[in-house]
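Reader: Please take a close look at the aromatic pairs here. Walk me through them in one go, with the cut-offs.

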Amino acid sequence: MNYLSAENLSKTYGDKALFEGLSFGLHKGEKTALIANNGTGKSTLLKILAGEETADTGKVTLREGIKIAFLEQDPVIEPGQTIDELITSSHTGISKLIKDYEDAIQAQSELHNATTQKNLEKATAEMDHKNAWDYERRLKQLLSLFSITDTTVKTDILSGGEKKRLALALVLLNEPELLILDEPTNHLDIDMIEWLEAYLSRANLSLLMVTHDRYFLDRVCNHILEMSQGQLYYHNGNYEYFLQKKSEREEISQVETDKARQLMKKELEWLRRQPKARTTKSKSRIQAFDGIKEKATGQRTEQELKLQLNVRRIGGKILEIDKLHKRYGDIKIVEDFNYPFKKGERIGIIGKNGSGKTSFLNLITGNEQPDSGKIETGQTIVFGYYRQAGIVLAEDKTVIEVVKEIAEVVRMGDGNSISASKFLEHFMFPPEVQYKLVSLLSGGEKRRLNLLTVLIKNPNFLILDEPTNDLDLLVLNRLEEFLMNYSGCLVLVSHDRYFLDKLTDHLFIFEGNGKVRDYYGSYTNYSFEKEKEKQSGEKQSRKNALEAKQKTAKQKVKTKLTFNEQREYEALEKEIEQLEIEKAEAETLLNSGNQTYEELNKLSQRIGEIIYLIDTKTLRWMELDEFVTPS
C-alpha cells in the first residue's frame, strides 16, 4: 500500500540546485533512511514531503486519511506559552474529543434518553477511531521518558535539546501511521535512543528519517534511499548492505570512467590532427566526443578527510583529579572523584541528560571551578575543546576568513606545513565553498567548521562534546579515521554508540547524584553487562514475589500432585534440560568471536530470554517437587 509519492521534485536556493527531478515512493511498513552529504538538501526534502515547504517543480501525494507527523532537525516552538498550553494547542482535536465524551457521559447520566444515548455512542466511536482512551497515560509516559517534568514552565527558557525532546514527545503522542524524522537521536541520551529504537521497530509503523547514528539506522531501517550527485539509489536492506552495494557501484563507475578517459585521449588526438575533409562519419564522431568527455570527467571521487596533525609533545604529568566535588544547589554533579590521566587515553563519557557530563568537561578545562578538590594540569597540555553548543561564528565572514583568523599555515604530522585553504580542502570544504559566507552554510557544515577551528590549534588533549550531531555519515567515517590515528588524549561525550565503540575503550558513566562509575571496556560490553544485571534483578524480584505468595496464600494443604500436575512436573524437567542445552550452545557462539554485531545482539537477547524461561520453569518445578511422592 503506497503512503506517499514524490514526482519530479526540484529545489534551488539562489544559484545552487539542491536536487532536481527526484521521484520515489514510500509504502506501508517500510522504514526508510535517507542518506546524503551535508548541504545536499536532505532537511529541505523532508520539509517538502511534510508540507512545510514547497518544491520548485513536482508534487507530493499522500494517501487519503493517513496520519502523518514530522520532526524537524531544529524544531521551532512558538514562544510565550507554557508546555501545558503548547500540548493543548498542538492536540486540540484530541482534547476536544475527550471533553465531548465526558460531556456525553454526564448528559446520559442526567437525562438518559435516546438523544443522549446516541451522542454517547457517537463520542465512544470517535474515541475508538482516534485511539484517545489512553491519551493521558501516553502523554505522561512520553513526557517522563524524555525528562520533561515541569509542564508549567515557559517554552522560551527551554534549551535546544529540551525543545527537541518536547517536539519528539508530541510527535509520538499522535501515534501517526507515517513518521518523517530529521536527526531524531540528537540531544537524546543512550537510554532514550534505545527506547526509541524499540518503538520505531514496531511492524505497523512506516518511517522516513535522516540520521547519522549507524547502530540506530542498522537496527531500525530496512530500506536505504541514497541521494548522490543529483541521483537517487534504492537499497533494500540495512546500512551494512547499503555500504556493500555502494562500494560495488563506485568500483564499476570508476572502471567505466577510466575507459572513457582512455577513449577521450584517443579521440582528442584525432581531433587535433584536424582532418581536412569533414565527412558525415567524422562529423558524428566529433559530436560523440562531447558525450565521451562528459563521462570521462563526470565521475567525482568523494572528497576524503585525511588529517594527521602535528600533536604537541606531552610531558610526564597530564591531568590529575583528586577528591573532586561539585554541586549546583541540591543537584550533585560529581562527588569525591579521583583519576590520573595517562598518555594516549581514550575515554568515553555517558549518562542521562542532566547528569553533569558537560559540567565535568568544563571543570577539567578550567571553565568552571570545583567546590572542593584539585584538578592539576601538566604544563605541556594544550586543550582542544569542542563544545556541544559550538562557538559563535561570524555570519558575515567567509569560511576561509574564519580559519585564517586562527592560522594562515597549519603544521602537519609529517613535519610539512599547508595553507589554511589546503587544510579546508582536507576537511571537505572545496574552494567554491571556502569563499561562501558562514550564514549560507548548512547546519552540518557549520558544525564541521566549528570542529575544524578546534583541531587547527594542534591540541594534545582533545575533548569532544557530542561531535556527531548534524554531521553526515561520510564526514563521520572520515572523522573516525582521523581520531583513530590521533596520538593525544581523547575524552569523548557522545550518544552515538557506534562512535563510542570504535574510538574508546574506557568509560566514565555518570549514574546521577554525583556518582561516576569508572568502567574499563567498550560501550557494547557495558550494555551487555547492564542487561545481565537487570535480568538478575528481575529474577530475584520474581523469586521474592513467589516466596511471599507461598507464605501468604491461604491454600488447602496438599499431600500429592493431581494427574495434570504430575504431567506438568515431568514435562518441566525435559523443558528445563532442553533450555540448558540451548543456553550452552548460544553462549559458545557468543564467545566464538565469529559473529557480526547484529548476530551478537540477537544472541545476547535470546540468552536473556532463555535465562528468564529457565528461572520461571525451575521455580514452578520446585513448587511441584514438594508434593512428589517418592518412588
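Author: What follows covers the aromatic pairs, then one helix contact and one loop glycine.

This is a predicted model, in which local features need pLDDT of at least 70, side-chain atom pairs count only at pLDDT 80 or more, and totals for chains, interfaces and linings use all residues. Residues are numbered from 1 along each chain as its sequence is written, and side-chain values use heavy atoms, with hydrogens and water left out.

A pair of aromatic rings is described by the distance of the centres and the angle of the planes. Rings of Phe, Tyr and Trp (its six-membered ring) pair if their centres lie within 6.5 Å; planes under 30 degrees apart are stacked, over 60 edge-to-face, and the rest tilted. The search of the whole structure gives 16 aromatic pairs.

One of them joins Tyr-215 and Tyr-498. Their centres are 5.4 Å apart, with 80 degrees between the planes, and the pair is edge-to-face. Tyr-215 sits in helix 8 (residues 214-220) and Tyr-498 in helix 17 (residues 497-503), so the pair ties together parts 283 residues apart in sequence. Helices are DSSP runs (H or I, at least four residues), strands likewise (E, at least two), numbered from the N terminus. Tyr-215 is buried, at 10% relative accessibility. Tyr-498 is partly exposed, at 27%. Buried means under 20% relative accessible area, exposed over 50%, partly exposed in between (1.4 Å probe, protein chains only).

Tyr-339 and Phe-341 also form a pair. Their ring centres lie 5.1 Å apart and the planes stand at 80 degrees, so this pair is edge-to-face. Tyr-339 is buried, at 5% relative accessible area. Phe-341 is buried too, at 7%. Both belong to a cluster linked by ring pairs. Its members are Phe-337, Tyr-339, Phe-341, Phe-360, Phe-383, Phe-461, Phe-508 and Phe-510.

Now the helix contact. The axes of helix 6 (residues 160-173) and helix 7 (residues 190-200) come within 14 Å and cross at roughly 20 degrees. Axes are lines fitted to C-alpha atoms, for helices over the stretch in contact, with angles from 0 to 180 degrees between N-to-C directions. Arg-165, Leu-168 and Leu-172 of helix 6 make the contact with Met-192, Trp-195, Leu-196 and Tyr-199 of helix 7. Contact means heavy atoms within 4.5 Å.

Last, the glycine. Gly-29 lies in the loop between strand 2 (16-27) and strand 3 (31-35). Gly-29 is partly exposed, at 25% relative accessibility. Gly-29 and Glu-177 are 148 residues apart in sequence, but 9.0 Å apart in space, C-alpha to C-alpha.
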